[in-house]
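Colleague: I should be grateful for an account of this model. Please define the terms as they arise.

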Amino acid sequence: MIDVLEGALRVLLVLGAFLVLPLVVGQTEHKAMAHMQSRLGPMYAGGFHGWAQLVADGVKFAQKEDIVPAAADATVFKLAPAVALIPYLVVLVAIPVGPGLVAQDLDLGLFFVVAVMGVGVLGSLMAGWASANKFSLLGGLRTAAQLMAYELPFLLAAASVAMAAGTLSLSGIVQQWQPWWLLWQLPGAVVFFVAGLAELQRPPFDMPVADSEIIFGAYTEYTGLRFALFLLAEYAGIVVLCALTTVLFLGGWHGPYAESLGWLWTLIKTMVLAFVVIWLRVSYPRLREDQLQRLSWQGLVPVALLQLALTGVVEVLIT
Amino acid sequence: MLFALLGVVAVGSGVLVVTTRHLVHAALWLVLTLGAVAGCFLLLSAEFVAWVQVLIYVGAVVVLLLFGLMLTRAPIGASDELDSSRGQQVAAAVTAAAVAGVLVASLVDSFRGARIDLSGDHVAGSARQAGEAIFGSWVLPFEVLSLLLLAALVGAIVLSRRDISPDPVPLDTRSGD
């Protein structure tokens, strides 16, 4: 009975984090971008910096008509947002927050996380195809091309940490982590973060949704709640990517008073990374498709391979 | 029980892959098939194989397949001309049944009554076990396979690059000058 209750509690906590954190990141993005670009946007709703605008936007999304284009493949069209969102929820289950604080500690956590994250992109592909819209189809194609280019460096960088720690368990990796890894695994960390951004289609890698040329890519035909789900998937993706980078490369819960305040350290590091994601969006222009592919195949893949070799050599030398 | 359920899902969606008249739906049913097979692996304690299955097949192969379909033609709705002739269908069904028969017979025969030992620290099928098996007793076949894959990769690059092919002059300009 206790076990069942504990399991339910863990699942509830993960669900709560899944519902709250993406919204926090979304709101931070609105406000940080507004101030960086000196165009404040809605500032009155709710008083302080217009925080209640988020609620108003949510209500607006829920009120809108749910339109399915006449020529679309209705089943696939309706299923796509769920396919895009749910993998990120599932991934959160395996991410350790503090020492022993993890919903489900998996022996193969790293593998589980990257495997399930890869499924989310099917949602964008389904949306792009089922919308019966040229722009959506183009968006879907670009999504697929981008995923194929960036999945490889993403995996190679993750493999480097797993090699260094000698385990595939996420908690195990954090336990093994030492401060000098920051330097040792630095190229891998950069590759991982950049490739992750590209998989999430965040600016400057937002070619698949480039609004000035293909409207909004695979999500062009979506309205109301289904559209909101896609947006939520994007922010949930940011949370998952930042949490993963924290766990793999920044030492997760390590910091002063790690025993009692470990979860806070993980949260702070994740949020700082999320801010960097937003910052990058405001700072860099969109990459062209050929630049995207070149960056991955000629930049990130060689760096990731070098990192892998470096990890191997150092690992042999110190053991 | 769960295993039987997953098996039914895998076989059912597998049948749908080949019988559906919607081109893209076939690819999407394939996702379900591969996912169900991954679930079966999980239940057999082969965690490593299960996640590799999801990572490589669902995450990469199906995406590549969908990419190819969308790049060439992916009509919404049924495409009737996809059906092969009656004779071909029968031949395919017979072949599939025969392969399934041979596989089931040999698997049942060789693993009858085998049990998975779940008591130890490192259960068969965990990452450590798989790693020790591959880089221990099976290291030679592993290396041969990797060499084969490397050769295939190099071959693919050579075939796709016009500027380093044995016939460097493009076909359409040869007669001109």
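The exchange below treats one chain and then a helix pair.

Modeller: This is a predicted model, in which local features need pLDDT of at least 70 and side-chain atom pairs count only at pLDDT 80 or more, while totals for chains, interfaces and linings use all residues. Residues are numbered from 1 along each chain as its sequence is written, and chains are lettered from A and ligands numbered from 1 in the order in which they are written.

Colleague: How many helices and strands does chain B have?

Modeller: Helices (H or I, at least four residues) and strands (E, at least two) are DSSP runs, numbered from the N terminus. The elements of chain B run α-α-α-α-α-α-α from that end. The count for chain B is 7 helices and 0 strands.

Colleague: What distance separates the centres of domain 1 and domain 2 of chain B?

Modeller: The bounds, from an automatic or database domain assignment, are 1-73 for domain 1 and 122-163 for domain 2 of chain B. Taken over C-alpha atoms, the centres of these domains of chain B are separated by 23 Å.

Colleague: At what angle do helix 6 of chain A and helix 3 of chain B pack?

Modeller: Axes are lines fitted to C-alpha atoms, for helices over the stretch in contact (C-beta atoms, placed from the backbone, within 7 Å), and angles run from 0 to 180 degrees between N-to-C directions. Helix 6 of chain A covers residues 134-165 and helix 3 of chain B residues 47-72. Their axes lie 10 Å apart, and the angle is about 145 degrees.
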